[in-house]
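Dear colleague,

Please find the structure below, together with its sequence. An account of what was found in it follows.

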Amino acid sequence: MRILLCSVLILFRFTVRGTALPEDSLEEKFHTWTPEFRYDYTYHHGIRGWLKLHHVPANFAEAGNRCKYEGGELATPLDLEMLEAMKDTLIGETYQSVFIGVHSIFSYGDYYSIKGVPLGRMPLSWTKWGPSFDIDKRCVVFFQNGTITNDYCNKAGHPYICYKRHENETLSICGTIDKDYMYVPDLDTCYKIHARRTTWRDAFMTCSAEGAHLLVINSEKEMKSVVNLAKPFPRDIQIDLFAGFVDLNKAGQWTTIHGVPLEESGFAIWNTGEPNNSGKTEYCGSFQYSTGYNDELCDKKMGFVCEKKKDSLLPATGKPSRILTDQFIIFKKG
Ligand SMILES: [Ca+2]
Ligand SMILES: [Ca+2]
């Protein structure tokens with residue numbers, strides 16, 4: 001038994017993010033172990049999953065999208081465990097309410113969760129004033145005391161909580177559960193080609209939510225790698241992809257999204273005739289025809305590339321594990 005335990009310990013020691021832990025912290029590590037997802041989500045044993053409170057208000061659709069891009073969904077108190085975990089998450093916060101994944105967008109008054117569970121099946125009650133009689137208020141907000149009311153879906157902004165259920169997912173070499181990130185060993189970097197055609201700003205937001213950033217090409221080698229990765233995708237995606245550079249002040253001064261002038265970024269080849277600021281409306285960057293840059297309309301809907309470092313979603317080195325609790329012990333002393 002002891003031998004088996006020792007082997008498991010040794011194996012674990014060298015597989016936790018590939019780093020060896022000092023002997024004396026090993027035991028503590030086991031008692032505080034939680035499954036890996038991403039540094040900005042907190043694991044709750046009671047709901048077998050992670051929660052993340054978004055402080056910056058968003059409308060209902062934005063909240064749902066951001067949760068989805070982060071790998072989760074808009075948190076919804078479907079049962080008492082989730083209700084309590086969400087109330088705990090809001091302890092000490094000054095704002096009053098958060099959006100939850102419940103709405104009556106399809107037909108006024110018929111409230112369902114985003115996965116189709118009727119409101120009556122949830123451990124929730126309306127505030128003592130009851131729901132507002134305004135047929136445009138079709139999305140549900142949740143108060144710290146566990147009561148709910150309805151508000152505008154698109155006109156109102158509220159903080160919100162994202163939830164990721166713990167299944168059997170594992171972090172890839174790219175440090176994410178998102179299997180679409182592809183590792184390029186030569187660059188020690190991961191990339192994801194998005195074939196969901198969208199605006200430059202939404203592309204930026206998506207990459208950011210995925211723990212990545214919109215592609216910044218820093219070398220010809222990187223450019224060629226991206227061209228290769230895009231080859232299996234539809235032609236329109238292959239030949240025109242939003243990238244991480246902009247003319248922020250609309251003054252013809254192109255910088256990367258990291259504030260570096262394009263000429264100093266390691267790759268600054270424009271396609272013939274570009275940047276042409278066509279129609280005096282092109283302030284966002286794209287990589288076109290697998291050859292070079294184009295200035296593009298920011299609101300055009302196109303594919304895009306996210307670029308991710310392997311450790312971008314892991315907790316910072318040297319910091320303790322996110323959750324310190326002894327409720328979840330996977331290895332008992334033999
Ligand atoms: Ca890069
Ligand atoms: Ca152009």
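**Findings**

Buried residues account for 32% of the 334 residues in the protein chain. Please note that the model is a predicted one. The protein chain contains seven helices and 17 strands. Of the contacts in the protein chain between residues at least 6 apart in sequence, 66% join residues at least 24 apart.

I would first draw your attention to strand β9, which spans residues 158-165. This strand is mostly covered, with six of its eight residues buried. Strand β2 (residues 49-58) is joined to β9 by seven bridges, and the two run antiparallel. Within this pairing, Leu51 is placed opposite Tyr163 of β9. Strand β3 (residues 73-74) is also antiparallel to β9, and two bridges join them. Here Leu74 stands opposite Cys162 of β9. As background to viewing these strands, side chains in a regular strand alternate between the two faces of the sheet.

Helix α4 is connected with the same region. The helix covers residues 80-90, and its buried residues are Met82, Ala85 and Met86. Seen down the axis of α4, these buried residues fall within an arc of 95°, so they line one face of the helix. In general, an α-helix has 3.6 residues a turn, so residues three or four places apart point the same way. Against which strands do the buried residues of α4 pack? They pack against β1 (42-44), β2, β7 (139-143) and β9. Thus β9, which pairs with β2 and with β3, is also one of the strands against which the buried residues of α4 pack. Just after the helix, Gly92 adopts a positive phi of about 85°.

A further residue to examine is Phe242, which lies in strand β13 (residues 240-246). Is Phe242 buried or exposed? Phe242 is buried, because 29 other C-beta atoms lie within 10 Å, where 20 or more are required for a residue to count as buried. Leaving aside residues up to four places away in sequence, Phe242 touches Trp200, Ala203, Leu214, Cys284, Gly285, Ser286, Met302 and Phe304. As for Lys301, it is 59 residues from Phe242 along the chain, and the C-alpha atoms of the two are separated by 9.1 Å.

When you open the model, I suggest starting with β9 and its antiparallel partner β2, then turning to the buried residues of α4 and finally to Phe242 in β13.

Yours sincerely

Note on methods:
Residues numbered from 1 in each chain as written. Chains lettered and ligands numbered in written order. Predicted model: local features only at pLDDT ≥ 70, side-chain atom pairs only at ≥ 80, totals over all residues. Buried ≥ 20, exposed ≤ 12 C-beta atoms within 10 Å, placed from the backbone. Helix = DSSP H or I, 4+ residues; strand = E, 2+ residues; numbered from the N terminus. Pairing = 2+ DSSP bridges. Contact = placed C-beta atoms within 7 Å. Arc of directions from axis to C-beta.
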